Amino acid sequence: MLTKKQIELLEFIHKRMQRDGVPPSFDEMKDALDLRSKSGIHRLITALEERGFIRRLAHKARALEIVKLPDALANKPGGFQPKVIAGDKADPPKGALPVDALNAVELPVMGRIAAGTPIEAISEVSHHVAVPGTMMRQDAEHYALEVKGDSMINAGINDGDIVVIRETGVADSGDIVVALVEGHEATLKTLRKRGNAIALEAANPAYETRVFPADQVKVQGKLVGLIRSY
């Protein structure tokens, strides 16, 4: 079952392609759905892809194909005629496997996350990264972040790594999470529950564990995978 926003986005893309033969921009999608940032559009598109309504075409930035419509939209006048949103990403290097062959999904990289001193919360998409589908659950939304700092190095997370995050607002003690601290600082740490307090624990003895009242720490997601380039 699709959410109201997912249906609204799918209908908006479909109508624009039927009317103009060209895709709406991400800014137009954002304004049409009254969202504050384009990151929300990227997440909706990822959710629609995971549910089989949209397919991203490999090797082309923002290239989408509408695979199907919900009955409520498909039965509207005009019917359904799949169209492709053209992209402009360069062809892959010779010998590279296409994204589809790896059963991969392109996730939005939502900027950089501190594995050290917390930095300002990230909400804007910087680029996309192909992530193997085996890292992700079909019933959840995901995003990626680039790691900045070395406070999680003993957990195998290095500066410059890309971490794959499953969106959730809850976590167990011992989970590595993206935590929003005091409403404006985001950090990647191991969460420890201590009564009415939350400890954000580094995996590097050079960094102290930080402890906050539970209501000052909001879990934004859990670590489910890591991508490293050499």
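**A walk from the rings to strand S8 and a buried lysine**

A search of the whole structure turns up zero aromatic pairs. This is a predicted model. One ring does have a charged partner. The charged end of Arg43 sits over the ring of Tyr143, 5.2 Å from the ring centre.

Turn next to strand S8, which spans residues 176–181. This strand is mostly covered, with six of its six residues buried. Look at both faces. Ile176, Val178 and Leu180 point one way from S8. Val177, Ala179 and Val181 point the other way. Residues on both sides are buried.

S8 has strand partners to trace. With S9 the pairing is antiparallel and runs over six bridges. With strand S12, residues 217–227, it is also antiparallel, and five bridges join the two. Val181 is a handy marker for both pairings. In S9, its bridge partner is Glu185. In S12, Val181 stands opposite Val217.

Now follow the chain out of S8. S8 and S9 form a hairpin with three residues between the strands. Within that hairpin, Glu182 takes a positive phi near 55°.

The hairpin leads into S9, residues 185–194, and there sits Lys189. What is the nearest side chain of opposite charge to Lys189, and how far away is it? It is Asp150, at 8.5 Å. A salt bridge needs a side-chain nitrogen of Lys or Arg within 4 Å of a carboxyl oxygen, so Asp150 does not supply one. Lys189 is thus a buried residue with no salt bridge.

The lysine side chain does have a polar contact. Its partner is the side chain of Ser151, at 3.1 Å.

Where does Ser151 lie? Ser151 belongs to the loop between strand S6 (142–148) and strand S7 (162–166). Is this serine buried or exposed? Ser151 counts as buried because its relative accessibility is 0%, and the cut-off for buried is under 20%. The contact with Lys189 therefore links a buried loop serine to a buried lysine in strand S9, side chain to side chain at 3.1 Å.

One more distance places this loop residue in the fold. Ser151 and Glu201 are 50 residues apart in sequence. In space, their C-alpha atoms are 9.1 Å apart.

Note on methods:
Residues are numbered from 1 along each chain as its sequence is written. This is a predicted model: local features need pLDDT of at least 70, side-chain atom pairs count only at pLDDT 80 or more; totals for chains, interfaces and linings use all residues. Side-chain values use heavy atoms; hydrogens and water are left out. Helices (H or I, at least four residues) and strands (E, at least two) are DSSP runs, numbered from the N terminus. Buried means under 20% relative accessible area, exposed over 50%, partly exposed in between (1.4 Å probe, protein chains only). A polar contact is a pair of N or O atoms within 3.5 Å; within protein, one must be able to donate a hydrogen and the other to accept it, and residues adjacent in sequence count only if both atoms are side-chain atoms. Lys and Arg count as positive and Asp and Glu as negative; His and the chain ends are not counted. Rings of Phe, Tyr and Trp (its six-membered ring) pair if their centres lie within 6.5 Å; planes under 30 degrees apart count as stacked, over 60 as edge-to-face and the rest as tilted. A charge sits over a ring if NZ of Lys or CZ of Arg is within 6 Å of the ring centre and within 35 degrees of the ring normal. Two strands pair if DSSP finds at least two bridges between them.
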